[in-house]
Amino acid sequence: MKSLVIVGGAGRMGQALGEGLSALEQFSLFALVDQHEPPQLFGALYAATLDDVDPTKVDVVINFSSPQGVVASATWCGENAVALVIGTTGLSTEQRRAVEEAATRTGVVMAANFSIGAVLSERFAAMAAPYFERAEIIELHHDRKVDAPSGTSIATAMTIANARKSSGLAPLRDPTTRHTIDGARGADAVDGVKVHSVRLPGLVAHQEILFASAGEGLTIRHDSFDRQSFVHGVALAAFAIDSTPKFLDGIASLIP
Ligand code: NAD
């Protein structure tokens with residue numbers, strides 16, 4: 001049985017993971033770490049920082065907090081040879097470097113989306129990309145998400161761009177030449193693949209990948225209706241990773 005710590009344990013994801021992971025027999029939840037006291041502890045201890053946690057009692061740290069929180073967890077896990085699973089998005093290049101550095105000392109899995117459906121829809125997008133003239137992405141999230149566009153949409157845009165490139169296709173060119181209002185055509189994420197971000201109360205995490213050619217369209221849509229949608233993927237990652245140094249970027253390789 002693996003012993004887990006959730007950093008960001010008082011947050012929306014921390015609480016959903018506490019509920020979901022504490023119910024699985026492969027894991028025991030050792031501590032929830034957060035500046036704020038979590039509403040529910042699911043039988044775990046509460047600690048304000050990882051420095052208050054005994055590393056010999058922990059197999060895997062799961063971080064759904066903030067980019068600064070990721071750097072602190074990466075340092076602590078690297079120093080103590082504890083495996084790390086990261087779901088936090090919006091990391092700068094420097095913060096990502098701190099994660100890669102930790103992965104030279106322990107096992108790290110970092111994924112922009114831990115839901116199985118999102119991983120599969122990205123896989124389907126890679127299959128479709130070479131067959132269509134145009135591709136755009138609409139990502140929709142709850143209005144308390146602080147970063148835009150979503151990490152998932154950037155990863156999807158990269159997948160589409162790479163699939164086009166591997167098939168010898170040129171980067172996409174935006175046909176729009178006149179913008180009456182700046183930003184109306186969204187952000188150019190990778191090689192002309194546009195991303196449009198929507199933020200509305202009541203949403204969780206949703207994404208539409210739109211492909212089209214003359215006379216036909218294909219839309220791949222994924223919906224996370226509930227934060228429990230991320231538990232299965234986080235459990236797969238926590239189960240697969242240990243303190244052997246390695247960096248797993250995404251969970252696609254864990255879903256054959
Ligand atoms: P939230 O604001 O509800 O919760 C974040 C929690 O982290 C808060 O309780 C906050 O106090 C705590 N925190 C912040 N910095 C900390 C630090 N240095 N040390 C300890 N605790 C700290 O946010 P949320 O909706 O739970 O999302 C958290 C992160 O997870 C975001 O980056 C979000 O984009 C990401 N997310 C990823 C996935 C995925 O599948 N990869 C899914 C959902 C959300």
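**Entry 1: pairing, strands 4, 5 and 6**

Before looking at single partners I noted that two strands pair if DSSP finds at least two bridges between them. The model I am reading is a predicted one, and I began with strand 5. In strand 6, I found Met110 as the bridge partner of Ile86. I then looked up the pairing of the two strands as a whole, and strand 5 and strand 6 run in the parallel sense, joined over 3 bridges. Turning to strand 4, I saw that Asn63 stands opposite Ile86 in strand 5. Strand 4, residues 60–63, and strand 5, residues 83–86, are likewise paired in the parallel sense, over 4 bridges.

**Entry 2: the sheet**

I next asked in which order the strands of the open sheet lie. There are 7 strands, and I read their order as 3-2-1-4-5-6-12, with parallel pairing. Strand 3 (45–47) and strand 12 (246–249) are at the edges, and each has a single partner strand, so one side of each is left without a neighbour in the sheet. For the twist I noted an average of 20° from one strand to the next.

**Entry 3: helices on the sheet**

I looked up helix 2, residues 67–80, which packs on the sheet and touches strand 1 (2–7), strand 4 and strand 5. Its direction makes about 170° with that of strand 4. Helix 6, residues 231–240, also packs on the sheet, where I found it touching strand 1, strand 2 (27–33), strand 4, strand 5 and strand 6 (107–110). The direction of helix 6 makes about 125° with that of strand 1.

**Entry 4: side chains of strand 6**

In a regular strand the side chains alternate between the two faces of the sheet. I checked strand 6 with this in mind, and Gly107 and Val109 point one way while Val108 and Met110 point the other way. Are these residues of strand 6 buried or exposed? I found that all of them are buried.

**Entry 5: the cavity**

How many cavities of 30 Å³ or more does the structure hold? I found 1, and the volume of the largest cavity is about 80 Å³. Among the residues that line it are Asn113, His141, Thr156, His206, Gln207 and His222. Helix 4 (116–128), helix 5 (151–166), strand 10 (205–213) and strand 11 (216–224) are the elements that give two or more residues to this lining. Strand 10 gives the most, with 3 residues. Sorting the lining residues by type, I noted 2 nonpolar, 9 polar and no charged.

Notes. Residues are numbered from 1 along each chain as its sequence is written. This is a predicted model: local features need pLDDT of at least 70, side-chain atom pairs count only at pLDDT 80 or more; totals for chains, interfaces and linings use all residues. Side-chain values use heavy atoms; hydrogens and water are left out. On a 1 Å grid over the protein atoms alone, a cavity is a set of points where a 1.4 Å probe fits but cannot get out, and a pocket is an open set with protein on both sides within 12 Å along at least five of seven lines; lining residues have an atom within 4 Å of a point. Grid points are joined across faces, edges and corners, and a volume is the space filled by probe spheres set on the points. Ala, Val, Leu, Ile, Met, Phe, Trp, Tyr, Cys and Pro count as nonpolar, Asp, Glu, Lys and Arg as charged, and the others, Gly among them, as polar. Axes are lines fitted to C-alpha atoms, for helices over the stretch in contact, and angles run from 0 to 180 degrees between N-to-C directions. Contact means heavy atoms within 4.5 Å. Buried means under 20% relative accessible area, exposed over 50%, partly exposed in between (1.4 Å probe, protein chains only).
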